[in-house]
Amino acid sequence: MLRRILSVLAAVAIGAPALAQTTLLNVSYDPTRELYQDFNAVFAKYWKAKTGETVAIRQSHGGSGKQARSVIDGLEADVVTLALGYDVDALADRKLIPDTWQKRLPHGSAPYTSTIVFLVRKGNPRGIRDWDDTVKPGVSVITANPKTSGGARWAYLAAWGYAQRKYGGDAAAKDFVQKLFRNVPVLDSGARGSTVTFAERGVGDVLLTWENEAFLSIKEFGAGRIEIVVPSTSILAEPPVSVVDKVVDRRGTRKLAEAYLQYLYTPEGQEIAARNFYRPIDPKVAAKHASKFTKVKLFTLAQIVGDWRKAQKAHFDDGGVFDAIYQPGK
Amino acid sequence: MSVEAARGLSLRTRHSVLPGFNLALGFTLLYLSLVVLIPLSAAFFKTATLSWDAFVAAVTAPRVIASFRLSFGAALVAAAVNAFFGLMIAWVLVRYSFPGKKLIDALVDLPFALPTAVAGIALTAIYSAKGWLGQLLEPNGIKVAFTPLGVVVALVFVGLPFVVRTVQPVLEDFERELEEAASSLGATRLQTFHRVILPTILPALVTGFALAFARAVGEYGSVIFIAGNMPMISEIAPLLIMTKLEQYDYAGATAIAVVMLVASFLLLLAINLLQWWAQRRSGGKS
């Protein structure tokens, strides 16, 4: 009883509107800011029409790993929409969501996909066409630190996958990413930081980045200064989404949170994703936007290293392949 | 700091006439515990979840050692640069009057107020290859942004007010008659500075140095933008802590933090002892 009085008092203290409408917090990573701004407005309208309920959706953005850590430390996220599966796995490790989270929604819980492409200076003065050009001596490559940035991990694995498939085997791939990272003069901690270093500071000949981030940069910095180069093959990046069970069960928002994520899979949701330069998984919407995305042969994470836990352990954990690149005497 | 401690000690043993010592000390300890000791002890407890071997392995990895070297080395260099130029600025502000003096005086505090991230972004923009200063320096082979030199530049920026603001009041209180007496007794200008002025301001200068150093060791916001963050070269220890956290390695992160804490504490303690010694040598005047 006392607790109920307290909670009512708390609600009154926070403000009456909190009682009148439901809120939903979507904790996401950096480049999805524009995507979810669009999506939230459309979903709120849909939800109002369907149930009569007004829903206020708040979004939080930051580095994917940092965002997952905030949720672990108690940030009340109803849903997470992160850059890579490893960060959602971390929530499962802390029992916030079941281990089977990835099977709960279609397409491995990834409602849209993206890939890693290159941004180069206008006119492509260094003639960068494919991954092989990024390891040439004297070429300066900008990417974020894979240990702290989700996008940089996809970029690293894209380079790994390219070399593994072209030159055969992990040893060749290791050699390739070592050469690549020797060409990197600055390691920012997040993908946005790298974009600024490349586009604003004018450092580097080529930036490895998310496809959607590349399109956004062109919009932001103008096609007169930079242009996109799509390599011959790249990785199929699948940013996953999940309801946070611990939070929605406590707040009583499960139905809403599940509907929110499912709406991402509808033609409307897919359309918004495509407009924000994410590759839709719905074949019809994909066909409609086919001209926007360059056709590129994509390999999956499963084809090159298995799953995220394996990738993290072998490549990005302390003592992994990435650390070895910077060990002296190697 | 040690001055106050020493004075407090002598007051207690002499049964001071000032009332309220127990109450005041109680509040001091409670406040320090809440604000400083309890949060810090959390770091130690988290680290204690590591075995000793795991702890040693975590903090002696080559990358971690390199980051310690950079963090402490750059902080020392920056504090030394600030001690020299901070003294000069304090001197100019105290000894001369000129138009715009108040303005310059206010400028000194700006690094205190500015969000460090803003400082970092501004410094990076200026010193990178296309920036105002960078385009002049880089053709001459001096790279600042994205090198350890950039780290020092950022730390100099955030540490400057500490030296100026600790030395300034001491210089203001300095009796000019002492200088006049020294010169009338035949001391050269250099001797006057070296034998009369410097011993008086040295304790304050050392305090300013220590504060600037302590601030620089823990600085994250401004450095992160200009450092380039290359492992083994320009990666500061606080960034490694962040990196460990990104990998959900809380214990590893706090292990680095504990080493930084202990090292900083020992260095500050040594500096305080040095200051105490300097004060005694110069005749115990405060």
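This briefing walks through two chains, their contact with each other, and a few spots worth a look in the viewer. The model is predicted. Chain B is built from helices, with 14 of them and 0 strands, while chain A has an open sheet of 4 strands and also a strand, S5(A), that pairs with S8(A). Where the chains meet, chain A puts in 20 residues and chain B 19.

**Chain B as a whole**

- The secondary structure of chain B amounts to 14 helices and 0 strands, so going from the N terminus you meet one α after another: α-α-α-α-α-α-α-α-α-α-α-α-α-α.
- If you want a box for chain B, its C-alpha atoms fit one of roughly 65 × 60 × 30 Å along the principal axes.
- Of the 286 residues in chain B, 34% are buried.
- Take the contacts in chain B with a separation of 6 or more: 79% of them involve residues 24 or more positions apart.

**A helix pair in chain B**

- Two packed helices are described by the angle between their axes and the distance between the axes.
- For helix H4 (residues 62-95) and helix H9 (residues 148-173) of chain B, the axes come within 5 Å and cross at roughly 40°.
- That angle is why H4(B) counts as oblique to H9(B).
- The H4(B)/H9(B) crossing is right-handed, and sorting the residues of this contact by class gives 24 nonpolar, 4 polar and 1 charged.

**Where chain A meets chain B**

- The contact draws 20 residues from chain A and 19 residues from chain B.
- On the chain A side, helix H4 (64-72) and strand S7 (187-188) each supply at least two residues.
- H4(A) gives the most to that side, with 3 residues.
- By class, the chain A side touching chain B splits into 7 nonpolar, 6 polar and 7 charged residues.

**H4(A) against H5(A)**

- H4(A) also packs inside its own chain: its axis and that of helix H5 (residues 85-93) of chain A come within 9 Å, crossing at roughly 15°.
- Because of that angle, H4(A) is roughly parallel to H5(A).
- The crossing of H4(A) and H5(A) is right-handed.
- On the H4(A) side the contact is made by A:Ser64, A:Gly65, A:Ala68, A:Val71 and A:Ile72, and on the H5(A) side by A:Asp87, A:Ala90 and A:Leu91.
- Those contact residues of H4(A) and H5(A) come to 5 nonpolar, 2 polar and 1 charged.

**The four-stranded sheet of chain A**

- The sheet is open, its pairing is mixed, and its 4 strands go in the order S2-S1-S3-S11.
- Strand S2 (55-60) and strand S11 (241-243) of chain A are at the edges; each has a single partner strand, so one side of each has no neighbour in the sheet.
- On average, neighbouring strands of this sheet are turned by 20° against each other, direction ignored.
- Strand S3 (residues 79-81) of chain A runs antiparallel to S11(A), joined by 3 bridges, and A:Val79 has A:Val243 as its bridge partner in S11(A).
- Helix H3(A) lies across strand S1 (22-28) and S2 of chain A, at about 165° to S2(A).

**A:Tyr36, a residue to click on**

- A:Tyr36 sits in helix H3 (residues 33-51) of chain A.
- A:Tyr36 is buried, because 20 other C-beta atoms lie within 10 Å.
- Leaving aside residues up to four places away in sequence, A:Tyr36 touches A:Asn26, A:Ser28 and A:Gln59.
- For a distance check, the C-alpha atoms of A:Tyr36 and A:Val177 are separated by 33 Å, with their positions 141 residues apart along the chain.

**Strand S5(A) and its two partners**

- Strand S5 (residues 116-121) of chain A is mostly covered, with 5 of its 6 residues buried.
- S5(A) pairs with strand S8 (residues 206-210) of chain A in the antiparallel sense over 5 bridges, and A:Phe118 stands opposite A:Leu208 in S8(A).
- S5(A) also pairs with strand S9 (residues 226-229) of chain A, again antiparallel, over 4 bridges.
- Over in S9(A), A:Ile226 is the bridge partner of A:Arg121.

Methods. Residues numbered from 1 in each chain as written. Chains lettered and ligands numbered in written order. Predicted model: local features only at pLDDT ≥ 70, side-chain atom pairs only at ≥ 80, totals over all residues. Buried ≥ 20, exposed ≤ 12 C-beta atoms within 10 Å, placed from the backbone. Pairing = 2+ DSSP bridges. Axes fitted to C-alpha atoms, helices over the stretch in contact; angles between N-to-C directions. Parallel < 35°, antiparallel > 145°, perpendicular 65-115°, else oblique. Left-handed = near helix turned anticlockwise from the far one by under 90°. Nonpolar A, V, L, I, M, F, W, Y, C, P; charged D, E, K, R; others polar. Contact = placed C-beta atoms within 7 Å.
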